[in-house]
Amino acid sequence: MKSLFCFLAAAFIFLSSSSPRLLAQSAKEDKMDEQLNQAVAGEEKTISLDLKGIDVNELFKVLSEKSGMTIITTPGVSGRVTVFMDRLSFDDALDVVATMQDLAYDKKGSVVKVMTASEYEKAFGKKFGERKETVTVKLAYAKPANVLAVISSLKSDLGKIISDESTGTIIIIDTPQAAGLIVDTVKELDKPLESEVFDINYARFADLKGYLNDLITPGVGQIIVDERSAKVVVTDLPQRLARIRKLVEEFDEQSRQVLITGEIIEVTVNDKFQSGITWEAIYEQDGEQKLDLVGNFPVSPELSSYGKINLGVLANDNYNVVLNMLDDYGSTKVLTRPSIVVVNKEEAKLLVGTREAYVTSAQSQAETTTVTSESVQFIDVGVKLSVVPTIGSDGFITMKIKPEVSTVSDTLTTAAGSQVPIVSTSQSETVVKIKDGSTLVITGLMKNNDVDSNTGWPGVSKIPVIGSLFASKAKQRNKSELVIFITPKIITGATGASREKF
């Protein structure tokens, strides 16, 4: 019994001596556990889900349970969704669902109100995901009104731009992305302007001003045109002015011109060629190519059964050869050798003929008298040729050609006694492209010539009174064909133009 008492006393003494150390260690362990629990509680909770065809409201209920957030949905929120989330934060998970279902939300503290995107825009005046910011830009050089005219098209549908002329300030209220773009544009426009005076030598002021209006900076650039002094003043940003300077030099280049020389020959054909010259035979006579046939087409209206225009290109050294060939078809006569200079893309006109005059009368009835007034009218009759050349960069010239042959075939007597000529016309129009310096041949233009012929006994027919008994007069109609040679040559106004020889 005594020994048991001693054991218990010894055990009590041991435990009493070691308890402070045990208690201290236990308290330390409890504190570590508390810190670990706080660290775990401080970590952001992640959400992992794998759901198929779940009602979207049930999905928000699951998110609420996993996150501890209070989620409220409006009646317009509906539908089913399939989601797979792997360790997403609550905010990311909420954004994923909202994007998939075209929804929006408003988060305040631990309460999230979910609604449709249209409900959000109606409630907050902006689209979900957009936020506005206000930026103020102080202009140093540009006028606010001019800048506003340029940047107005850059704002978003919800944005607003205000200009203050008195302080030279632009106020931008818009989304960050749109506001950033507008601010960068304003900085580009708000630079010191430069002015330059251009001397205009050749360009048309109306055309040049139209080009420059498209080149200057909208709302910033300015153009002043003074036709009296042939000057244009342009004010714009330095980088834009450099581009304008280069283009003005291109627009105001010296106009190129075309020297058109030619020859118009009338061939009075023999009896066996009354239907016209067979030009195909001339093109390839003796197997040698004298002319390069470009094409043929009918005239309008047809004055003969032939009625066809031929176009060919002739080498200059074959010109005399072709003339010799024409002698086999009848007698040739040179009507004119024109030489004219025309500016590129302008019209050159040639007339070989007469201006037929005729009188027209008009009557006006007064109370007691009738007044008759007469006026003289003119009409061009003969060979007319219109040419519009266009110079190409490849050394070729495109010519719009309109040849016309007209004659007075009869006269018309009006009720007032006026004689009006009736003109028969053969004309055509075509566009042909030939090399600079080559000769174009136009054939197939037919016309009728009425010639008075006198026949009688030699000597006796000229005796007064009785001579008419031994002579006769008759009208003879001859047919002739016109051959037109045209040679265009590119020249400049600075160089002299001498007529080319065929």
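## Helix packing exercises

The axes of helix α2 (residues 56-67) and helix α3 (residues 90-101) cross at roughly 175° and come within 11 Å. This is a predicted model, where local features need pLDDT of at least 70, side-chain atom pairs count only at pLDDT 80 or more, and totals for chains, interfaces and linings use all residues. Residues are numbered from 1 along each chain as its sequence is written, and side-chain values use heavy atoms, leaving out hydrogens and water.

**Exercise 1.** Work out whether α2 and α3 are roughly parallel or roughly antiparallel, and which residues make the contact.

*Step 1.* Get the terms straight. Helices are DSSP runs (H or I, at least four residues), and strands are too (E, at least two), numbered from the N terminus. Axes are lines fitted to C-alpha atoms, for helices over the stretch in contact, with angles from 0 to 180 degrees between N-to-C directions.

*Step 2.* Classify the angle. Under 35 degrees counts as roughly parallel, over 145 as roughly antiparallel, 65 to 115 as roughly perpendicular, and the rest as oblique. So α2 and α3 come out roughly antiparallel to each other.

*Step 3.* List the partners. From α2 we have V56, L59, F60, L63 and S67, and from α3 there are F90, A93, L94, V97 and Q101. Contact here means heavy atoms within 4.5 Å.

*Step 4.* Sort them. The contact of α2 with α3 has 8 nonpolar residues, 2 polar and no charged. For the bins, Ala, Val, Leu, Ile, Met, Phe, Trp, Tyr, Cys and Pro are nonpolar, Asp, Glu, Lys and Arg are charged, and the others, Gly among them, are polar.

**Exercise 2.** Do the same for α7 and α8: find how they are oriented and which residues meet.

*Step 1.* Helix α8 (residues 238-251) packs against α7 at an angle of about 155°, with the axes 11 Å apart. The pair is therefore roughly antiparallel.

*Step 2.* On the α7 side, L208, Y211, L212 and L215 meet R240, R243, I244, L247, V248 and F251 in α8. That contact splits into 8 nonpolar, no polar and 2 charged residues.

**Exercise 3.** Place N213: in which helix does it lie, and is it buried, partly exposed or exposed?

*Step 1.* N213 lies in α7, which spans residues 205-215.

*Step 2.* Buried means under 20% relative accessible area, exposed over 50%, and partly exposed in between (1.4 Å probe, protein chains only). At 43% relative accessibility, N213 is therefore partly exposed.

*Step 3.* Check a neighbour: the C-alpha atoms of N213 and I223, 10 residues apart along the chain, are 7.7 Å from each other.
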